[in-house]
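User: I am new to this structure and would like a close look at one part of it, namely its salt bridges and the places where they sit. Please take me through them carefully.

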Amino acid sequence: MPRLPLLRRALPATLLLCFAGLGSLRALEWRDSVTLWLPLAERFSDDHRVWANLGRGYLRRGDRDGAARALQHSLSLDPNHIAALNNLGTLELESGRFGRAREIYLRVLELDPESHVAWTNVGVIETRLLNHARSTEYYERALEVYPNHHSARKKLAVARQLVAEAQTFLAKNSELDLE
């Protein structure tokens with residue numbers, strides 16, 4: 001009979017250790033979004049959301065090729081998936097393909113005119129192309145859609161400052177006027 005009390009104490013401790021081990025394994029699987037979404041993409045290969053999330057994970061990792069493959073696959077399953085389009089636009093923007101990025105973001109805006117992310121990112125493209133006056137229009141639109149968008153607000157302030165500096169420079173340098 002003395003074994004029964006020992007068993008009653010040992011069994012919960014053993015179960016606790018087993019669950020702790022399983023939890024550790026799950027934590028390893030979820031250490032980043034790629035290791036989380038990759039098995040799901042293999043299991044649910046026809047779910048565009050899974051592939052869009054996997055693409056975002058690759059993008060966060062800096063794996064542009066993996067991101068492009070996953071996002072393109074997501075869009076082959078649903079060409080209007082806004083998250084996949086936004087992430088593909090980000091990939092193109094980060095790769096310096098501004099024209100392609102602009103096309104993608106404008107497509108997002110056709111699908112969702114309230115996408116403050118797309119409005120802001122088109123503004124970023126215009127800023128990088130030194131079209132500061134045009135970029136202010138996009139940042140302002142992003143803030144109309146989402147007034148608390150701090151990133152757009154900061155970018156708008158910078159763009160306005162750059163426009164003001166350009167106007168000051170032109171005013172001081174009249175020799176740049178047309179003949």
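Analyst:
**Salt bridges and their surroundings**

The structure, which is a predicted model, holds 10 salt bridges. As general background, side chains of opposite charge can pair when their charged atoms come close. The setting for these pairs is a chain whose secondary structure comes to nine helices and zero strands, and of its 179 residues 32% count as buried.

A good place to begin is Asp47, which forms a salt bridge with Arg49, the closest N and O atoms being 3.4 Å apart. Asp47 counts as buried because its relative accessible area is 18%, and the cut-off for buried is under 20%. Asp47 also caps the N-terminal end of helix 3, where one of its side-chain oxygens lies 2.9 Å from the backbone nitrogen of Arg49.

The helix that Asp47 caps runs over residues 48-61, and its 14 residues reach 20 Å from the first C-alpha to the last, close to the 20 Å expected at 1.5 Å a residue. Several residues of helix 3 are buried, among them His48, Trp51, Leu54 and Tyr58, and the buried residues of this helix pack against helix 2 (33-43), helix 4 (64-77) and helix 5 (82-94). Just after helix 3, Gly62 takes a positive phi of about 90 degrees.

Further along the chain, helix 6 (residues 98-111) includes Arg100 and Glu103, which are separated by about one helical turn because they are three residues apart in that helix. The side chains of Arg100 and Glu103 meet in a salt bridge, at 3.4 Å from N to O. Arg100 is partly exposed, with a relative accessible area of 36%, whereas Glu103, at 51%, is exposed, since the cut-off for exposed is over 50%.

Helix 6 also holds Arg107 and Glu110, again three residues apart, or about one turn of the helix. Their side chains meet in a salt bridge as well, with 3.3 Å from N to O. Here Arg107 is partly exposed, at a relative accessible area of 29%, while Glu110 counts as exposed at 60% relative accessibility. Beyond such pairs, salt bridges that share partners join Glu114, Arg141 and Glu144 into one network.

To return to the opening point, the salt bridges described here, including Asp47 with Arg49, Arg100 with Glu103 and Arg107 with Glu110, are part of the 10 that the structure holds.

Conventions
Residues are numbered from 1 along each chain as its sequence is written. This is a predicted model: local features need pLDDT of at least 70, side-chain atom pairs count only at pLDDT 80 or more; totals for chains, interfaces and linings use all residues. Side-chain values use heavy atoms; hydrogens and water are left out. Helices (H or I, at least four residues) and strands (E, at least two) are DSSP runs, numbered from the N terminus. The expected span of a helix is 1.5 Å times one less than its number of residues. Buried means under 20% relative accessible area, exposed over 50%, partly exposed in between (1.4 Å probe, protein chains only). Contact means heavy atoms within 4.5 Å. A polar contact is a pair of N or O atoms within 3.5 Å; within protein, one must be able to donate a hydrogen and the other to accept it, and residues adjacent in sequence count only if both atoms are side-chain atoms. A salt bridge is a side-chain nitrogen of Lys or Arg within 4 Å of a carboxyl oxygen of Asp or Glu.
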